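Biologist: Please take one part of this model, the place where its nonpolar side chains gather, and guide me through it slowly, since I am still learning to read structures.

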Amino acid sequence: NPRPPPAPKVLNFCREVVDLPAEVLDIGCGFGSLLQSFRQGGYQVVGVEQSAHRAHQVNTSVGIECHNLGIRNLAAGNLNRRFDLVISNHVLEHLFDPNVYFEALRTLLKPGGYAYIAVPDLHNGEYLPQFFHSALHLSGFTPQALEQLAAKHGFRTVKLEVNSEIQF
């Protein structure tokens, strides 16, 4: 089931917190739909995608700078740039160790920068079948668990919305 493009929802959520001009990094950008939305919204955008094929498509077909790197490369500082906003839309639940993600944020965010994270809500009854039948989900989150994980790494909640997913 292809999911409808999340771009307007994510852009609207972030626009309330992150003013223009801002540099935005999308970790796990896929084929770049969020990047295109943010670029159209006036933001400067860069992507990171673990799939070499997708990263190539974003660079060539979409015309947005995209790096073929994994989360451990980012945590090690291999991108060597900092951003006002780092977004990850339905990425965290696929990582072997979500703590590495937050370590990467430390190397990627400018002082005072923001992170946007969206994950499925473990309390949502529709989530459990998806946990086993869509791309491998290695972690499940409740809003409280996500906030605690972020706080453990020195991040605080600025905005949180829960519906069929958690937006943080």
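**The largest nonpolar core**

Modeller: The largest nonpolar core holds 26 residues, and among these L25, V86, Y101 and F102 are the ones that touch the most other members. Several elements build this core, for β1 (23–27), β2 (44–48), α4 (71–75), β4 (83–89), α5, β5 and α7 (143–152) each provide at least two of its residues. Helix α5 makes the largest contribution, with six residues.

Before going further, please note that this is a predicted model, in which local features need pLDDT of at least 70 and side-chain atom pairs count only at pLDDT 80 or more, while totals for chains, interfaces and linings use all residues. Residues are numbered from 1 along each chain as its sequence is written, and side-chain values use heavy atoms, with hydrogens and water left out.

A nonpolar core here is a set of buried Ala, Val, Leu, Ile, Met, Phe, Trp, Tyr and Cys residues joined through side-chain atoms within 4.5 Å. Helices (H or I, at least four residues) and strands (E, at least two) are DSSP runs. In soluble globular proteins, nonpolar side chains tend to be buried together.

Let us start with L25, one of the residues that touch the most other members of the core. Leaving aside residues up to four places away in sequence, L25 is in contact (heavy atoms within 4.5 Å) with V46, G47, V48, L79, F83, L85, V86, I87 and L108. There is also a second core, separate from the one described so far, which has 22 residues, including F38, A55, L85 and I87.

Now turn to helix α5, the element with the largest share of the largest core, and look at A104, which lies in this helix. A104 counts as buried, with a relative accessibility of 0%, where buried means under 20%, exposed over 50% and partly exposed in between (1.4 Å probe, protein chains only). Again not counting residues up to four places away in sequence, A104 touches I71, L74 and A75.

Helix α4 also holds N73, and its setting is worth setting beside that of A104. Whereas A104 is buried, N73 is partly exposed, with a relative accessible area of 32%. Along the chain A104 and N73 are 31 residues apart, yet their C-alpha atoms are separated by 8.3 Å. From N73 to V100 the separation is 27 residues in sequence and 9.9 Å in space, taken from C-alpha to C-alpha.
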